[in-house]
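Open the model in a viewer and follow the stops below in order. Each stop says what to select and what can be found there.

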Amino acid sequence: MSKVYPDNNGRFGSFGGKFVPETLMYALEELEKSLTEAWEDSTFVEEYKHTLAEYAGRPTPLTYAERLTQKLGGAKIYLKREDLLHTGAHKLNNAVGQALLAKRMGKSKIVAETGAGQHGVATATVCARLGLECKVFMGEEDMRRQELNVFRMELLGAEVVPAVSGSKTLKDATNEAIRYWVANVEDTFYLIGSVVGPHPYPKMVRDFQRIIGDETKEQLQDKEGTLPDAAAACVGGGSNAIGMFYPFLEDEVELFGAEAAGKGISTKKHAATITKGTKGVIHGSLTYLIQDENGQIIEPYSISAGLDYPGIGPEHAYLAESGRVAYEGVTDKEALEALSLLTRAEGILPAIESAHALHLAFKKAKEMKEGQTIVICLSGRGDKDVNSIKEAMEKESKS
Amino acid sequence: MTRMSVNEAAKKAEYPLFIPFIMAGDPDPSTTIELVLRMEEAGAHIVELGIPYSDPLADGPVLQRSAKRALQQGMSLMRAMQLVPEMRKRGLTIPVIIFTYYNPVFQMGVKTFLDKVKENEADGVLIPDLPYEESQELTVTAKENGLANISLVAPTSSTRIEKIANKAEGFLYCVSSLGVTGTRESFSEEAYTFIKNVNLSSKVPVAVGFGISKPEHVENLQGVCNGVIVGSAIMKKVEERLSEFSQEEKMKQNALQEIKSFVSSLISS
Ligand SMILES: Cc1ncc(COP(=O)(O)O)c(C=O)c1O
């Protein structure tokens, strides 16, 4: 496994690239150049690390889930606690990085898209801190599912713009954000929330999120004196997962990505992009996506707004194709069961997104030997989801 | 009359080289054929046949809604291309350019797509989300088939204009101003300067698109470029007359006539 990806054209194998209107090409070239310069500039790197430490709350703990481990019998389970990061999810790592970069590039306006609202909240938060104007596109349906996060963004001074086309979820919010960016590219920075989009976004977001895996590696070394045997994370666009996986790609660590299988991958209601998708172009990047035979994108479904996306980061498509990472679908029901299990066993209420990773990891842990270790990226906390969880559980108990 | 290539048609046209955009399948396939024929009658030199797409990143609200209606009609890339031979049978002689986003093409395969374009008597392709860097394979294969792959330049293209203009075929599509398709009130001074610069760099005729919706726009561009591309302004008229299109033949013909008159008034200044 070579780590030099993406290549100069932004390709991870055959995936990635820049499939955008000509209007955006210069902005992408400019971004690529600024990004390279920024990483070479120690004051930028210091500021990024300093902000994460002093403001965001890094490093986040690596918690040993003792009771859960005993309950499941098998590998030792460790949780990488991105839920304890400021604003409640891993999204802030990336938002801090990109917002600092935007400022360095002299941009004063930020546009973003959000699904669950966590990326929107993270973006609104750094914009407040850095004094940047912030506009967030969010699907109308997601605004309903994540009412509390809409209010949080507004409190932070951001303007939340409803996306009313299509399924009124993340896909459509992304379309609207890109269309807005096309019209305002001269003074606006598009702050993407996952490892998706045209080059250099997938690489940039990965590099801002790899802090998750880097810290995990060090922390587990301290606790166990070794690398983990396995790691698991949920995959929507795939930013928390790539953040966790990337530092382990060349190590002997089994990697598992959990995608949203919604009501089941044999139904039409899912967001299992790798399991059920085919190659194509979405939001500026060649990757796997859920589409019909004519290349029209199909609206995905998941109980979790953060995983409800028809595409996936191109690097994940590459890692799936090469077999380095195993991706599996996890249903709404399985995720909710894992969520209950963790909450009762350890007193940690995870985000529904993260609960997908939990289910998959629990399944693997049981198959592993005692003494082995598995780390799970707990990408966010469940406070934002209590309404959805309540609704789903009430429905479940009625049926 | 015999058919011309996109190159020939663009070169031969006197100002304004007029290139209307018609969305295939909005409000229905047979009306699309009628609309395209009316465009030729109104003086179109080349027509862009739009393929409806679920996620059109370069389009504004009018074309988005139009695409949505067309998709509900079951329109697809293949079906849209198959409308062209019917247009030819009904006497259409001007070149047809297939306007589509890249994903439907990728699903079909670039080579198959271009074979089908040719087979169905269309003359060129335009893919707004396939920029210069990603378009090598398609450009080469299109050329081998005698088809034009239309290139776009935008106000942000700056250092890219030259390389794009150098490989342009047929005509160079000049995006008037930042943003998505749609109608605009007016164009800025910078827009004119930009278009003039593009015109200087280009060996092929330059047509300006995005926002052209009034006779003044066409008038003001005279001497600045070679022609105009009009999409949203036409499809907006179609949208306004949806109920007439669903009625008896006479109402439908009336609506078509009105759209044709609108287009004629737009370009005959
Ligand atoms: C808590 C949480 N986890 C995971 C995700 C999915 O994003 P990604 O796949 O980019 O990590 C989201 C997205 O909103 C989220 O809020």
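**Stop 1: the two domains of chain A**

Begin with the seam inside chain A: domain 1 and domain 2 of this chain bury about 2,900 Å² between them, and carbon and sulfur atoms give 56% of that area. The model is a predicted one. To colour the two parts, select 19-53 together with 91-201 for domain 1, then 57-88 together with 209-397 for domain 2, as the domain assignment of chain A has them. Taken over C-alpha atoms, the centres of domain 1 and domain 2 of chain A are 23 Å apart.

Now show the residues on both sides of the seam. Domain 1 of chain A brings 35 residues into the contact, and domain 2 of chain A brings 38 residues. Between these two domains there are 16 residue pairs in polar contact, counting pairs with both residues at pLDDT 80 or more. On the domain 1 side, the elements of chain A that give two or more residues are helix H2 (42-56), helix H4 (91-104), helix H5 (118-130), helix H6 (140-145), helix H7 (147-155) and H8. H8(A) supplies the largest share of that side, with five residues. Coloured by class, the domain 1 side shows 14 nonpolar, 15 polar and six charged residues.

How many salt bridges cross from domain 1 to domain 2 of chain A? The rule finds one. For a salt bridge to display in chain A, select A:Asp308 and A:Arg145, whose side chains meet at 2.8 Å, N to O.

**Stop 2: the ligand**

Select the ligand and expand the selection to its surroundings. There are 18 residues around the ligand, and the closest are A:Ser194, A:Gly236, A:Gly238, A:Ser239 and A:Ser379.

Three distances can be drawn here:

- From A:His90, an N or O atom of the side chain is 2.9 Å from an oxygen atom of the ligand.
- From A:Gly236, a backbone N or O atom is 2.8 Å from a ligand oxygen atom.
- From A:Ser379, an N or O atom of the side chain is 2.6 Å from a nitrogen atom of the ligand.

**Stop 3: where chain A meets chain B**

Move out to the boundary between the chains. Chain A gives 33 residues to the contact, and chain B gives 33 residues. The two chains bury about 2,800 Å² between them, with 54% of it on carbon and sulfur atoms. Which residues of chain A lose the most area to chain B? They are A:Glu22, A:Arg179 and A:Gln296, which together account for 25% of what that side buries.

Next, turn on polar contacts. Between chain A and chain B there are 18 residue pairs in polar contact, both residues at pLDDT 80 or more. For the cartoon view, highlight helix H1 (22-40), helix H8 (170-184), strand E11 (278-282) and strand E12 (285-289) of chain A: these elements give two or more residues to the side that touches chain B. H8(A) provides the largest share of that side, seven residues. By class, the side of chain A that touches chain B holds 13 nonpolar, 10 polar and 10 charged residues.

**Stop 4: salt bridges between the chains**

Side chains of opposite charge can pair when their charged atoms come close. Over all chains, the whole structure has 46 salt bridges, and four are found across the interface of chain A and chain B.

Select A:Arg11 and B:Glu134 to see a salt bridge with an N to O distance of 2.7 Å. Then select A:Glu22 and B:Arg160, which form a salt bridge with their closest N and O atoms 2.9 Å apart. This pair runs from helix H1 of chain A to the loop between strand E6 (151-153) and helix H9 (161-167) of chain B.

**Stop 5: backbone details**

Finish with the backbone shown as sticks. In chain B, select B:Tyr15 and B:Pro16: the peptide bond from one to the other is cis, with omega near -5°. B:Pro16 is in the loop between helix H1 (6-12) and strand E1 (17-23) of chain B. Then go to B:Asp26 and B:Pro27, which are also joined by a cis peptide bond, with omega about 0°. B:Pro27 sits in the loop between E1 and helix H2 (29-42) of chain B.

Back in chain A, select A:His283 in the loop between E11 and E12. A:His283 has a phi near 45°, a positive value in a residue other than glycine.

Conventions:
Residues numbered from 1 in each chain as written. Chains lettered and ligands numbered in written order. Predicted model: local features only at pLDDT ≥ 70, side-chain atom pairs only at ≥ 80, totals over all residues. Heavy atoms only, no water. Contact = heavy atoms within 4.5 Å. Buried area = accessible area lost by both parts, 1.4 Å probe. Polar contact = N/O pair within 3.5 Å; in protein donor to acceptor, adjacent residues only side chain to side chain. Helix = DSSP H or I, 4+ residues; strand = E, 2+ residues; numbered from the N terminus. Nonpolar A, V, L, I, M, F, W, Y, C, P; charged D, E, K, R; others polar. Domains from an automatic or database assignment. Near = heavy atom within 4 Å.
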